Structures are given as C-alpha cells and as structure tokens.
Amino acid sequence: MKEVMAFRIFRLLVQAAFFVLITGAVLGIPKLEYPLPILWYGTIPLSRADGAFHGMLVMISEGIFPFLPLAVIVLVSAVLGPITCGWLCPFGFVQEILSFVQAEYRRLSTPAHSSFRKMKYIILVVVLFFSITLGAYHGTDFGREYYKAMGFFAPDPYAPLDPAATLFDVLPLAVFWNLLPTAWEELGSVDPFLWFRLFILALTLVLSAYVPRFWCRYFCPLGAMMGSLGSRSLLTIKRNPLKCPKEECRLCYVHCPMQISVYTEANPTLKSPDCIKCFQCVVACPHKALKVGV
Amino acid sequence: MPSSRITTLLLLLIGVGLLLVAISLNQSEIVEELASKGLKSVIAGIKLP
C-alpha cells in the first residue's frame, strides 16, 4: 500500500527531525528544562535533553522522590499514551529504519510473542526493585556497601544493559575520546563488559531488521511503564465494528509494527498497552473503520 | 462517565500534582545535577580520561 509506505516515511522524517533537535548543540538549540519520556541519557556533549526514565531511576537510587520525571511520564501517558515511543524515541527511530530491510513486517508466532512481551514488565519490576532498595538504604552504612556492591549498576540498574545507551552514549564518547582499538593487538585491552554491551546492541539491531521494534516490543521498561499508564489515554484509536470486516481484511494487523490484533479489539477504543500510537493501522484501513479520536 | 475516563482523569490529576510539587522543589535543576552521577552506569565498559 502506497499510503502506508508514504506514512512510514513521513514518520521517519519526524523522528529524524526530532533527533536533530535533541542533538542540536551545534545548531544553538537550548537545552530542554524538562526531561523527555524517551530512552535517552543525554551524556554526549551534543545532547539537548535528559531522559525521564534515566532521571527517575537515578533520583530513586539517590533517595530522592522523582516528582519531575514521574510527572512527565504520567502526564504524557495520560494525555497522548506512548506516542513518544512511536514518533520521537531515537532508538525506536533506528529500529524503524532497520525494519525497511524486509518488504513486509515479519511476525512471531502468537504464543512466542505473548511470552516474550512479558519480559519488559519483568525488567521494569527488577530495575525498580534495585533502584527503590538502593534509595531506601541511601545514606546508611549498609546503603553505601550495597551501592558499592552494585558497581556500575548503581545508580541506574538498566543503563549498562541498554543498547540505546551503547549506541548513543558509549560509542560516540569512545570515538570522541579515541578509546576504541585501532589495531588487532589492542582488541585484548577492551573491557569485557564493553564487548558484552556491543554484543547486545548488535543482536538487537540484527533482530530489529527481522522483527520490527524488537527492543520496544519485548525489552523496553519505559515502554512497559508508558503503555500501562497510557492504555486509556485521551488520544486513542477508535474502531467502528460495523465497518470492520475483521478476518477478511486484517490489514491493521499486517501493518502494525507491534503485532497488535487491532481488528479483534472488543472495545470501541484500542486499549492495548503495546500500542505506540504510530497510527499506521488507521492509514492502512481501507474501510475507514479506524480513526484517531479523544 | 466510563471507567476508562475516570482512570485517565485520575492519572491527569496525579501528573499535575507531581508537576506542581516538582516545580516548587525546583527539581529540573536536581535532574541535571544527578545526570553526572548516572554517567557511571550509562558509560559502563569505557573509562573516560
């Protein structure tokens, strides 16, 4: 469908423009005062924004209640849902580009998809557990020992394993400071954990070419949080069951990067916590059974 | 009013409440200050000079 392809390219352009904005130090763009609900850390000098999820975890670990990052995540989720995942997140943008490798979106089997999608909620719970316990013991002798024992997993237990941090922070900083090996003999001097991070990044990128939005679907704790809070957002997708031919069409499902069976939704509004509000299903529907509404 | 709308309104109220407290505590500055503390986790695997 030409309309869907044109819409996908339009969305890529929006994501690219946003990426330029949040890395636009050289363009003289001022730094944003409020953190953004995207998988972003903002450690590179070019960055013009902080990530709300990272900010939230660091604040909790330091024993400070994260009013501001939490407010940003809750408000955006309540009004727009996880729209920042679909339209703004730089790591989502990279995965979207890679999804063009395949002519059509590939699907995992429904049981595999249902099992894997639980991973992001488990990751969210584990990450919050470590952050909250770090914060609870902050300032005590045990807290200091605990913090020390966590190594680089304190204060943000998620960042060391996040491929977005490896791609947008570790690699640019390593290149900038000339920390990457330039000869075969130097390979042995590379920190084993950096190899591990590069392996996760490479695996994610390869899998994203075959399963669209692989990381977002199964491993992103921010997506899990925003999806849960935003499943009943003001901005939503409405389905008219009288116009929808369901199984006979299924184009909404075919064009959904998150593998959501929009056509089987029992409610008049789509309430899937996986929906990233990319609106590709709305564009793909030839029966005009889907529309964006409040 | 449907229950989903009540949930959304509750979330909005919570969000606005959190934002007001955050502004009164000037947390935007704290977030920026703590970003340097989080650097250790973000760049795990490399040692900056």
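**Figure 1. Close-up of the buried residue A:Asp274 and its salt-bridge partner A:Lys120.** In this predicted model, A:Asp274 has a relative accessible area of 6% and is therefore classed as buried, the cut-off for that class being under 20%. Its partner in a salt bridge is A:Lys120, and the closest N and O atoms of the two residues are 3.0 Å apart. A:Asp274 belongs to the loop between α13 (251–254) and α14 (280–284) of chain A, whereas A:Lys120 belongs to helix α7 of chain A, so the pair ties together parts that are 154 residues apart in sequence. A:Lys120 also counts as buried, because its relative accessibility is 2%.

**Figure 2. Close-up of the salt bridge between A:Arg11 and A:Glu96.** The side chains of A:Arg11 and A:Glu96 meet at 3.1 Å, N to O. The two residues come from distant parts of the chain, with A:Arg11 in helix α1 of chain A and A:Glu96 in helix α5 (residues 90–98) of chain A, 85 residues apart. A:Arg11 is buried, its relative accessible area being 1%, and A:Glu96, at 4% relative accessibility, is counted as buried as well. Salt bridges that share partners join A:Arg11 and A:Glu96 with A:Arg213 in one network. Over all chains, the count comes to 8 salt bridges.

**Figure 3. Close-up of the salt bridge between B:Lys37 and A:Glu62.** Here the closest N and O atoms of B:Lys37 and A:Glu62 are 3.1 Å apart. Since B:Lys37 lies in helix α2 (residues 27–42) of chain B and A:Glu62 in the loop between α2 and α3 (67–80) of chain A, the pair joins two chains. The partners fall into separate accessibility classes: B:Lys37 is partly exposed, with a relative accessible area of 43%, while A:Glu62 is buried, with a relative accessible area of 8%.

**Figure 4. View of chain B.** Chain B contains 2 helices and 0 strands, and its C-alpha atoms fill a box of roughly 60 × 25 × 5 Å along the principal axes. Of its 49 residues, 37% count as buried. The area that chain B exposes is about 2900 Å², and 70% of this is supplied by carbon and sulfur atoms.

**Figure 5. Close-up of the largest pocket and its nonpolar lining.** The largest pocket holds about 270 Å³ of space and is lined by 13 residues, of which A:Ile123, A:Val127, A:Pro157, A:Tyr158 and A:Leu161 lie nearest its centre. Helix α7 (residues 119–136) of chain A gives the largest share of this lining, with 5 residues. When the lining is sorted by class, 13 residues are nonpolar, and there are no polar and no charged residues.

**Figure 6. Close-up of a nonpolar patch on the surface of chain A.** The patch is formed by A:Val20, A:Val26, A:Leu27 and A:Leu46, which together have about 390 Å² of accessible area. One of these residues, A:Leu46, is found in the loop between α1 (2–22) and α2 (52–61) of chain A. With a relative accessible area of 38%, A:Leu46 is partly exposed, and this value is compatible with the patch rule, because patch residues must have over 30% relative accessible area.

How values were computed. Residues are numbered from 1 along each chain as its sequence is written. Chains are lettered from A and ligands numbered from 1 in the order in which they are written. This is a predicted model: local features need pLDDT of at least 70, side-chain atom pairs count only at pLDDT 80 or more; totals for chains, interfaces and linings use all residues. Side-chain values use heavy atoms; hydrogens and water are left out. Helices (H or I, at least four residues) and strands (E, at least two) are DSSP runs, numbered from the N terminus. Buried means under 20% relative accessible area, exposed over 50%, partly exposed in between (1.4 Å probe, protein chains only). Accessible areas come from the Shrake-Rupley method with a 1.4 Å probe; for residues, only the protein chains shown count as cover. On a 1 Å grid over the protein atoms alone, a cavity is a set of points where a 1.4 Å probe fits but cannot get out, and a pocket is an open set with protein on both sides within 12 Å along at least five of seven lines; lining residues have an atom within 4 Å of a point. Grid points are joined across faces, edges and corners, and a volume is the space filled by probe spheres set on the points. Ala, Val, Leu, Ile, Met, Phe, Trp, Tyr, Cys and Pro count as nonpolar, Asp, Glu, Lys and Arg as charged, and the others, Gly among them, as polar. Patches are made of residues with over 30% relative accessible area and no salt bridge: like charges are joined within 9 Å, nonpolar side chains (Val, Leu, Ile, Met, Phe, Trp, Tyr) within 5 Å. A salt bridge is a side-chain nitrogen of Lys or Arg within 4 Å of a carboxyl oxygen of Asp or Glu.
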